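Work through the exercises below with the sequence and the model open. Each task is followed by a stepwise solution.

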Amino acid sequence: MIEKNTKSLLEKIKEAEEKIEIALWIAVEDSDFSKELKAYEKVKAELNSLTNLPDKIEKERNRVLSFCLMRIDNTLVNLEDTENAVKRTKDALAIAEKSENPLAIARCLLAYGNRLIGKGEIEEAEKQFTKVFDLAENNPDEEDIQQTKGWALIVKGHLAFKLELYDQALSELRKSEEILKTIDNYAGIAQANELMAIVYQDLSDTDNADICKQKALEFKEKARTEKR
């Protein structure tokens with residue numbers, strides 16, 4: 001009976017994670033963030049209703065719950081609710097750390113660092129990115145963690161651009177593109193190239209800007225159709 005209950009709980013958690021993924025990709029298609037938020041809030045309630053769990057299942061629930069909380073924050077920001085974004089991502093990180101799952105922790109570190117940048121807390125944000133890079137170094141074969149590192153480099157590249165450190169921005173973005181190409185993360189490749197195009201445009205390098213714009217369009221379409 002205990003084994004059966006354990007299997008049932010794990011299935012519920014897996015179903016919750018699948019609902020998050022579905023809501024995410026539907027929102028990519030229709031940009032209906034209010035509908036997306038409702039989907040995540042429902043999943044959050046479902047996960048929070050799972051109580052008095054064995055330690056192993058509690059960690060698995062926290063892994064998925066941290067992902068849900070991160071998506072809720074992202075959707076709220078898309079709805080222009082940014083006031084509590086730092087706290088929301090810090091709370092998600094705390095849940096991820098309870099899960100002891102490296103990927104969950106890496107993703108939440110990235111989200112938290114990104115929100116800290118939005119508040120101008122650059123030094124503290126850099127600490128979060130350093131932790132992401134450490135996790136990536138310690139998990140070289142985990143593609144999703146490498147993907148998170150790639151996106152952290154995109155954020156760092158964007159920050160360098162804002163500070164008018166153009167060479168640094170291009171360096172970070174090229175490193176990101178190289179990492180994301182190895183794992184076919186098309187959405188990330190598109191984002192890196194969109195930003196590189198902007199940097200090159202500011203440098204009056206229209207040839208490279210046009211090349212990056214074209215690559216961004218191609219990979220954005222691949223991301224949409226292949227969901228990668």
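**Exercise 1.** Find the backbone atom that lies 3.0 Å from a polar atom of the side chain of Thr89, then describe the surroundings of Thr89.

Solution. The model is a predicted one.
- Step 1: A polar atom of the Thr89 side chain lies 3.0 Å from the backbone oxygen of Ala85. This is within the 3.5 Å limit for a polar contact.
- Step 2: Thr89 belongs to helix H4, which covers residues 85–99.
- Step 3: The relative accessibility of Thr89 is 1%. Buried means under 20%, so Thr89 counts as buried.
- Step 4: Leaving aside neighbours within four places in sequence, the contacts of Thr89 are Asp73, Ala111, Tyr112 and Arg115.

**Exercise 2.** Check the length of H4 against the span expected at 1.5 Å a residue, then state which of its residues are buried and what covers them.

Solution.
- Step 1: H4 has 15 residues, and at 1.5 Å a residue these should span 21 Å. The end C-alpha atoms of H4 are 21 Å apart, so the two values agree.
- Step 2: The buried residues of H4 are Ala85, Val86, Arg88, Thr89, Ala92, Leu93, Ile95, Ala96 and Ser99.
- Step 3: For the pattern, recall that an α-helix has 3.6 residues a turn, so residues three or four places apart point the same way.
- Step 4: The cover over the buried residues of H4 includes H3, H5 and helix H6 (122–138).
- Step 5: After H4 comes Glu100, with a positive phi near 60°.

**Exercise 3.** Repeat the check for helix H9 (residues 186–202).

Solution.
- Step 1: The 17 residues of H9 should span 24 Å at 1.5 Å a residue. The end C-alpha atoms of H9 are 25 Å apart, which agrees.
- Step 2: Buried residues of H9 include Tyr186, Gly188, Ile189, Ala190 and Ala192. Asn193, Leu195, Met196, Ala197, Val199 and Tyr200 are also buried.
- Step 3: These buried residues pack against helix H7 (143–162), helix H8 (166–182) and helix H10 (206–226).
- Step 4: Ser204 follows H9 and has a positive phi, near 60°.

**Exercise 4.** Ser31 and Glu80 have positive phi. Where does each lie, and is each buried, partly exposed or exposed?

Solution.
- Step 1: Ser31 is not a glycine, yet its phi is about 55°. Ser31 sits in the loop between helix H1 (2–30) and helix H2 (33–48).
- Step 2: With a relative accessible area of 43%, Ser31 is partly exposed.
- Step 3: Glu80, also not a glycine, has a phi of about 70°. The loop that holds Glu80 runs between helix H3 (55–78) and H4.
- Step 4: The relative accessibility of Glu80 is 71%, so Glu80 counts as exposed.

**Exercise 5.** Describe the largest pocket and its lining.

Solution.
- Step 1: The volume of the largest pocket is about 1,800 Å³.
- Step 2: Its lining consists of 44 residues, and Leu24, Arg71, Asn74, Trp151 and Ala187 lie nearest the centre.
- Step 3: Two or more lining residues come from each of H1, H2, H3, helix H5 (102–118), H7, H9 and H10.
- Step 4: H7 gives the largest share, 10 residues.

**Exercise 6.** Which elements have the lowest and the highest mean pLDDT?

Solution.
- Step 1: The chain averages a pLDDT of 94, and 98% of the residues score at least 70.
- Step 2: H1 has the lowest mean among the elements, 86, and H4 the highest, 98.

Notes
Residues are numbered from 1 along each chain as its sequence is written. This is a predicted model: local features need pLDDT of at least 70, side-chain atom pairs count only at pLDDT 80 or more; totals for chains, interfaces and linings use all residues. Side-chain values use heavy atoms; hydrogens and water are left out. Helices (H or I, at least four residues) and strands (E, at least two) are DSSP runs, numbered from the N terminus. Buried means under 20% relative accessible area, exposed over 50%, partly exposed in between (1.4 Å probe, protein chains only). A polar contact is a pair of N or O atoms within 3.5 Å; within protein, one must be able to donate a hydrogen and the other to accept it, and residues adjacent in sequence count only if both atoms are side-chain atoms. Contact means heavy atoms within 4.5 Å. pLDDT is the predictor's confidence in each residue, from 0 to 100. The expected span of a helix is 1.5 Å times one less than its number of residues. On a 1 Å grid over the protein atoms alone, a cavity is a set of points where a 1.4 Å probe fits but cannot get out, and a pocket is an open set with protein on both sides within 12 Å along at least five of seven lines; lining residues have an atom within 4 Å of a point. Grid points are joined across faces, edges and corners, and a volume is the space filled by probe spheres set on the points.
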